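Please look at the model below with a few questions in mind about how its helices, sheets and cores fit together. The answers follow in turn.

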Amino acid sequence: MERESRHGFWRCFVCTHDNNNSLSSCYICGVLRGLSNGLKNKALSIKENTTSVMAKALFVGMPHQSAEVSSFSDVLLKNNNPSESRTKASLVNLQETFLSSNSKHSFTIVPFRFDTLSPDDIVSLGRKEPKALPVSSLRSSDKKEAVKILPEHEEPETSSTGSAQLNEIQINKSSVSDKESEMLVRNLHHLKLEKSIHNIKKVISPNQYKPEKWILSEQEQEIMSQLSITIIGHVDSGKSTLSGRLLHLLGRISKKEMHKYQKEAKEMGKGSFAFAWAMDETAEERKRGITMTVAIAYFESKRFRVVLLDSPGHRDFIPNMISGATQADAAILVVDASNGSFEAGMGFHDVGQTKEHAELIRSFGVEQIIVAVNKMDTVGYSQERFDYIKFQLASFLRSCGFKEKLITWIPLSVMENQNLVNLASDDQLSWYHGHCLLDAIDSLYPPERDVLKPLLLPVCDVLSSHSLGQVAACGKLEAGAIRHGSKVLVMPSGDLATVRSIERDSQACISARAGDHVAVSLLGMDVSNLMPGGVLCHPGFPVTVASILELKIHVLDIKMPILTGSHVEFHIHHVKEAARVAKIVSLINQKKLKSKSAPRLLTARQNAIIEVSLDRPVCVEEFSSCRALGRAFLRASGSTIAVGIVTRIIAVDQQ
C-alpha cells in the first residue's frame, strides 16, 4: 500500500502522490496511510488540517469503531495472497466493506473523473474565488455535462420540452469558516448531482400573435396605398433617365434643380444624362454614366403613393439590383427599341440583362410588369419594330411565369416626352391605343399587406442622419406595424432596442405599417450590430438564424453544371453570403414529382431539391411561413445560375 519515493515522503498507492511523512492520509485523495496494526485502530481519527474535503465527505456518518473493519488496509490484508492485495483491490471491495447496510446514507463509488470539477474542487474554489464560477469558464467538453447541485428533496426544473435548463454553478461569495466548512461536508450527503443540457427556447407560432389595439385602429383608417415599383432592364436602356423625367414632370424635381443638373452634365460632356443625374447622385456614377446602387424616389399618382426603385443594369452590380428589387410590388422593364440594343439585352450575341432581370424579378414574387419600349424615336415610332419586340419578349416572359393579362406593353420616348404622363400625340403613335405610363401604373392592383402579423422589417441599408439620430435602419415593412416607442428585436445579434423616430417617404411620422418604406432610428443598442441583411422583428417572435438550408430551385440557362461541392454566392433579401452546395437531393419533373435517386449534377432548366451550407448564418424563414425571407438566389462567376425558395431549415444557429 505504501511505496517509498524519497527520504521524508511516502507515496500513495492510489494516486501515486508523494506525501510528507507527517501526514496520516493522502493529501490528494484522502486514502489512509496505515499499514500496521498501530495505525489500524486510528484510521478514522483524522486530523482536520491534514484531511481533504473529499475524504471527510466519504467518512462522515460512519461509526468511529467497527468490530469488523476499520481501515482500507484490513480489506487488502484479508486476501489470501497479501503480495497481490495491492493490485487486486477494487472499488467494489471497498464499497461492499465500508458502505454497509447500517450506514445512514447510500453511496455509489465510481472511478474519479479528471476532466470535470470534483466536489473538492468546487469547495476549494468557493473559499478562494470571490466571484461565482460561470459555466462559460469550463472547457467545451465540460459544457455538455454541466453539473448542478440540488437538495435531495427538490426535483430538477424542466422546460416544456422536457430538457433541463443549464444553470451556472453558484458558489458562496463570502469566506467560509471552519464550522461552515464542516457543515458543508455533512450536507454533501444530502445533495445529488444531476446532468443538464442546454434549453432551447420554444418559439411561439406567428398564428398566436395578437395585434395591439393601435394597429387595429389604424387599419380602419382610409390611407392611400403604397406601391413599390422597381425599374429594371439592360444597361443604357434609359432607366434612370425615365425615372428622372417622370419625377420632373410630376413636380418632384424643381426647375432650379433641373437647370443645375443640365449645366453640370454639359460641363462633363454628358448633356443627355441630365435627367439621369436626378437618380445617379454619386460622383462615380456620373463619371461612368451608369447606375451602381439602387436609387429611391417618391411620387403620388391618382391611386398610390409610389416608391420608385431605380436598379442598376450593369451585370457587375446585379447583387445591388437583387437587394433593391426584393422590395418591389411591381416592375417596369425598360427595353431599348433601337436596332441592335434590344438584341443585346436579350443575349442574342452575349449575356444580356433584359432576360436575367426578368427572371429575377419574377422569382421575387412580382406578378405585374409593365414593358416600356423606350427610344421609339430612334426607329421612327415604327409599329413593326414594336410588334417584333413584343413578339420576341412575350414568349420569354411567359416562360418565366408571367401571365399575359398582367403584362402591359407601352411604346414611349423619354427624351421627347412621349407617352409618359400623357398620351402621345397622334402624329407620333397614332397606331397605339393603350395607356400612358402613369395611367398604366394606376391600373396596377395593390398586393395584400400582412398588417396583422408580427413585425418584420428586413434592413436594406443603414444610414447616418442628423434628423433621425446617429444611425437609422432603412427598408420595407414586410409585415406588422411599428410606431414611436415600440420595442424591437434586432437580429441576428439579438439586441433589444426602442424606436426613437420614424421617417416614411422622407417625412417624419409616428407610425408605419406593412408595405411602407421607412427609416427607423433606434435607442438602447450597439450600433455596430445594426447592418444590412439584419431584420427588425417583434421581441416575442424572433426570426430564425440558420446556416444549412434545403432549397427548391430552378436552374437558369447555365453553361457549367452545378455539382455537389460547388461554391456559390447565396442571396436572400438583403444578404449575400458565400455558400457551398452540400447535397443534390433529387430532381423534380414537369409533374412536380421527385426522382428516387439523387443526380450527380444539375444542368440548364432543371428543377431540383438541394442542400446548401453557408459560411455564416443568416436571417431566414421557410417560404411557406414568410415569403419575404424565403426566396433565395444562387450566383456564380458573375451570373445568376438558379432561383428558388427555402423549403426547410436544417441547421439553426443557437447563438
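Q: Against which strands and which helix do the buried residues of α10 pack?
A: This is a predicted model, in which local features need pLDDT of at least 70 and side-chain atom pairs count only at pLDDT 80 or more, while totals for chains, interfaces and linings use all residues. Residues are numbered from 1 along each chain as its sequence is written, and side-chain values use heavy atoms, with hydrogens and water left out. Helices (H or I, at least four residues) and strands (E, at least two) are DSSP runs numbered from the N terminus, and contact means heavy atoms within 4.5 Å. On these terms the buried residues of α10 pack against β6 (225–233), β7 (295–300), β8 (304–310), β9 (330–336), β10 (369–374) and α18 (437–442).

Q: Why is helix α10 described as largely enclosed by the rest of the structure?
A: A residue is buried at under 20% relative accessible area, exposed at over 50% and partly exposed in between, using a 1.4 Å probe and protein chains only. Among the buried residues of α10 are Lys-239, Arg-245 and Leu-247. Helix α10 (residues 239–249) is largely enclosed because, of its 11 residues, the number buried is nine.

Q: In what order do the strands of the open sheet run?
A: Two strands pair if DSSP finds at least two bridges between them, and in this six-stranded open sheet the pairing is mixed. The edge strands, each pairing on one side only, are β7 and β11 (407–411), and the twist from one strand to the next averages 25 degrees. Within the sheet, β9 and β10 pair in the parallel sense over six bridges, with Val-334 opposite Ala-372 in β10. The order is β7-β8-β6-β9-β10-β11.

Q: Which helix gives the most residues to the largest nonpolar core?
A: A nonpolar core is a set of buried Ala, Val, Leu, Ile, Met, Phe, Trp, Tyr and Cys residues joined through side-chain atoms within 4.5 Å. The largest such core has 77 residues, and Leu-437 is one of those that touch the most other members. Leu-437 also has contacts with residues including Leu-242 and Leu-246. The helix that gives the most to this core, with seven residues, is α16 (residues 383–400).

Q: At what angle do the axes of α13 and α15 cross?
A: Axes are lines fitted to C-alpha atoms, for helices over the stretch in contact, and angles run from 0 to 180 degrees between N-to-C directions. Residues Ile-318, Met-321, Ile-322 and Ala-325 in α13 meet Gln-353, Glu-356, His-357, Leu-360 and Ile-361 in α15. The axes of α13 and α15 come within 11 Å, and the crossing angle is roughly 35 degrees.

Q: Which strands of the barrel does helix α15 lie across?
A: The closed barrel of six strands runs β22-β27-β25-β24-β28-β29 with antiparallel pairing, and its twist averages 45 degrees from one strand to the next. Helix α13 (residues 318–325) lies across β24, β25, β28 and β29, running at about 175 degrees to β28. Helix α15 (residues 353–363) runs at about 25 degrees to β29, and the strands it lies across are β28 and β29.

Q: How many bridges join strand β22 to strand β29?
A: Strands β22 (residues 544–555) and β29 (residues 639–652) run antiparallel. Lys-552 has Ile-645 in β29 as its bridge partner. The number of bridges joining β22 to β29 is nine.

Conventions:
Lists of a residue's contacts leave out its neighbours within four places in sequence.
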